Amino acid sequence: GELRVCVDSLDAMLATAEVEAVRRLVGAVARRVRSVSGMAHYHLSADRSDVVVERLEPSFDAVIELRFGADDEPQHRWTFPGRDVESEWLEL
């Protein structure tokens, strides 16, 4: 697909709306974007163990975590909700 949607941060939405309302919005956007074979991604500055992430995670095909590993090298790890699949930490 040629359509790409980026929501720079869900943080602002979550500061003013309930998690369930944000989850519904993400779901509605996802359905529209998928209907035209597009792709959407969202940024959230919460720790993976945060209850907000737990509530929103089922709405996404993948969750990508970022961290600084040994020697302050940036790393990422992919998780696929509902599939019990998680990558190792990989250097960026």
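**Exercise 1. Place the R77 and E86 pair within its network.**

R48, E57, E65, R77 and E86 are linked in a network of salt bridges. A salt bridge here is a side-chain nitrogen of Lys or Arg within 4 Å of a carboxyl oxygen of Asp or Glu. The model is predicted: local features need pLDDT of at least 70, side-chain atom pairs count only at pLDDT 80 or more, and totals for chains, interfaces and linings use all residues. Residues are numbered from 1 along each chain as its sequence is written, and side-chain values use heavy atoms, with hydrogens and water left out.

Step 1. Take the pair. The side chains of E86 and R77 meet at 3.5 Å, N to O.

Step 2. Classify each partner. Buried means under 20% relative accessible area, exposed over 50%, partly exposed in between (1.4 Å probe, protein chains only). R77 has 17% relative accessibility, so R77 is buried. E86 has 44%, so E86 is partly exposed.

Step 3. Give the total. The count by this rule is eight salt bridges.

**Exercise 2. Trace the salt bridges of E20.**

Step 1. Start inside the helix. Helices (H or I, at least four residues) and strands (E, at least two) are DSSP runs, numbered from the N terminus. E20 and R23 both lie in helix 2 (residues 19–35), three residues apart, about one turn of the helix. Their side chains form a salt bridge at 2.3 Å, N to O.

Step 2. Check exposure. R23 is partly exposed because its relative accessibility is 30%. E20, at 29%, is partly exposed too.

Step 3. Go to the other partner. E20 also bridges to R55 at 3.9 Å, N to O. E20 lies in helix 2 and R55 in helix 3, so the pair ties together parts that are 35 residues apart in sequence. R55 has 41% relative accessibility, so R55 counts as partly exposed.

**Exercise 3. Decide whether S59 is buried or exposed, and list its contacts.**

Step 1. Locate S59. S59 sits in the loop between helix 3 (51–56) and strand 3 (63–68).

Step 2. Apply the cut-off. S59 has 18% relative accessibility, so S59 is buried.

Step 3. List contacts, meaning heavy atoms within 4.5 Å. Not counting residues up to four places away in sequence, S59 touches R23 and V26.

**Exercise 4. Describe the fold of the chain.**

Step 1. Count the elements. The chain has three helices and six strands.

Step 2. Read their order. Along the sequence the pattern is β-α-α-β-α-β-β-β-β.

Step 3. Add the extent. The C-alpha trace spans about 40 × 30 × 25 Å along its principal axes. Of the 92 residues, 27% count as buried.
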